[in-house]
Amino acid sequence: MRDDVDPAARHVPFAESGSYPVRDGNAVRPLVDGEPAFRRICEAVETARHSVWVTVAFLRPGFLMPDGRGSFFDLLDGAAARGLDVRVLFWGLNPESSHFGPGVFSGTPEQREVLAARGAGFSVRWDRAHGPYCQHQKSWLVDAGQQSETAFVGGINLNPRAVVSPGHVGEDQVHDIYLEVTGPAATDVHHNFVQRWNEASDRACEDGVWGPGGGDQLPFPTCLTGSRGPGLVQIQRTVHAGRYRVGEPAPGGVSFEIAAGERTILDQYLLAIGAARRSIYIENQALEVAEIVLALDQALERGVGVVVLVPSEPEDQARAARGRPEMRSFDDRMRALGRYEHFALAGIAGPTGRGDRADVYVHAKVMLVDDAWATIGSCNLHRASLFANSELNASFWDPEAVRALRCELLAEHLDLDTAGLDDVTALGEYRRIARENRSRRDLGDAGWQGLAFSLDPATYCR
């Protein structure tokens with residue numbers, strides 16, 4: 001561990017397996033929930049001077065930016081009309097991944113007609129994943145290679161359900177998060193985009209590119225953006241084995257020939273959980289990986305307080321996975337977590353305005369450890385995200401920012417100001433309130449505090 005790391009975060013190791021080193025000199029700004037996140041992204045795009053580059057996983061019909069800014073395409077065309085270099089990497093579907101079709105802008109003839117009809121002035125490449133898996137990165141990069149370079153790394157899809165305010169009042173709500181990064185680590189998001197753009201699977205196909213720069217190859221960054229803050233940040237990825245050829249390394253980093261694949265996100269999760277001394281707080285769309293559950297069990301055995309926030313009703317694919325015979329040992333491990341008083345599995349539900357509550361879908365991918373370290377990104381805690389999709393996370397060692405994020409998330413979920421509490425006490429309050437809200441819901445929904453309610457790990461997904 002480097003000597004210049006804040007002493008409060010020094011016990012959480014860095015991942016050493018990936019393409020990008022830890023960078024110091026960064027400013028980080030978590031953006032909780034879709035409306036504030038997309039508002040800030042739009043502000044960055046509208047003030048950009050040179051470029052806007054985006055990686056997209058899902059673009060669902062009806063998506064609009066906040067405050068009357070129009071569609072995703074309206075935002076990009078506005079930037080292109082100002083003379084900026086605007087590029088998008090869309091995910092191209094394989095036959096094995098065709099079930100994702102309705103939410104993927106995969107370059108079908110009908111979708112290309114949409115671009116033609118609006119005279120879209122931005123450039124596009126389509127990039128397939130291998131087999132049934134997903135190009136799941138969701139990043140925005142403004143002014144690549146300039147001192148104003150700004151990156152957004154997270155998991156919020158271009159989905160109308162996601163453009164919601166904190167507090168989650170109403171029905172059909174999604175809880176999610178982005179991280180804004182300025183400083184040298186933004187250059188690694190730049191490098192990742194160039195790598196994917198230049199190696200996009202359909203770049204040589206007639207229908208695999210669009211726009212004035214669709215056929216261009218991009219130069220890799222050769223120097224880092226200047227210092228913008230005190231935080232240490234590492235950009236981490238899941239990359240399929242053999243996905244990229246040898247090319248330019250990231251500045252100060254390593255060559256990116258990934259013969260065996262890149263699993264930095266999984267490595268970092270296990271390192272951070274293994275190093276936790278006091279508290280672990282997770283928000284994730286899934287919790288389906290035995291290695292993660294075993295690591296949490298070991299942390300609980302050490303006395304670490306743990307709260308895991310998940311969708312109260314898991315996706316059908318999660319239920320199907322849990323039904324397989326080989327998952328029996330996983331079920332046993334999940335059930336075992338429930339024996340610890342200092343563990344809680346939770347969901348969230350918001351008021352509808354009719355006197356009842358509706359479950360809020362947890363789509364966030366975030367973990368906080370000891371009020372010292374955190375990660376935010378696109379990676380779910382299921383095997384596809386950790387071993388097969390393309391994913392992008394940003395981990396940061398910045399106790400002030402991590403503590404502020406913990407207070408913001410718990411204020412939303414618990415209706416409780418935890419700024420005067422340490423992380424252990426705050427998570428104790430989370431468990432208490434979630435359990436009390438569970439009892440209130442079982443008795444008719446009256447008298448809730450906040451949004452969180454406890455779930456039974458023995459029956460979750462069954």
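Two strands are taken to pair if DSSP finds at least two bridges between them. In this predicted model, strand β2 (residues 51-55) and β5 run antiparallel and are joined by four bridges, and within this pairing Trp53 has Leu141 of β5 as its bridge partner. Strand β5 also pairs with strand β6 (residues 150-154), again in the antiparallel sense and over four bridges, with Val142 standing opposite Thr150 of β6. Both faces of strand β5 (residues 139-142) are covered, since Ser139 and Leu141 on one side are buried, as are Trp140 and Val142 on the other.

The second largest pocket holds about 220 Å³ of space. Its lining comprises 14 residues, and those nearest the centre of the pocket are Leu59, Arg60, Pro61, Phe73 and Phe105. Two helical elements contribute to this lining, α2 (72-81) and α3 (109-118), each of which supplies at least two residues. By residue class, the lining of the second largest pocket consists of ten nonpolar, three polar and one charged residue.

With regard to the cysteines, a search of the whole structure finds zero disulfides. For Cys205, the closest cysteine sulfur is that of Cys134, and because the two sulfur atoms are 19 Å apart, they are too far from each other for a bond; the cut-off applied to such a pair is within 2.5 Å. Cys205 counts as partly exposed, at 35% relative accessibility, whereas Cys42 is buried, with a relative accessible area of 0%.

Notes. Residues numbered from 1 in each chain as written. Predicted model: local features only at pLDDT ≥ 70, side-chain atom pairs only at ≥ 80, totals over all residues. Heavy atoms only, no water. 1 Å grid on protein atoms, 1.4 Å probe; cavity = no way out; pocket = protein on both sides within 12 Å on 5 of 7 lines; lining within 4 Å. Points joined across faces, edges and corners; volume = space filled by probe spheres on them. Nonpolar A, V, L, I, M, F, W, Y, C, P; charged D, E, K, R; others polar. Buried < 20%, exposed > 50% of the residue type's maximum accessible area, 1.4 Å probe, protein only.
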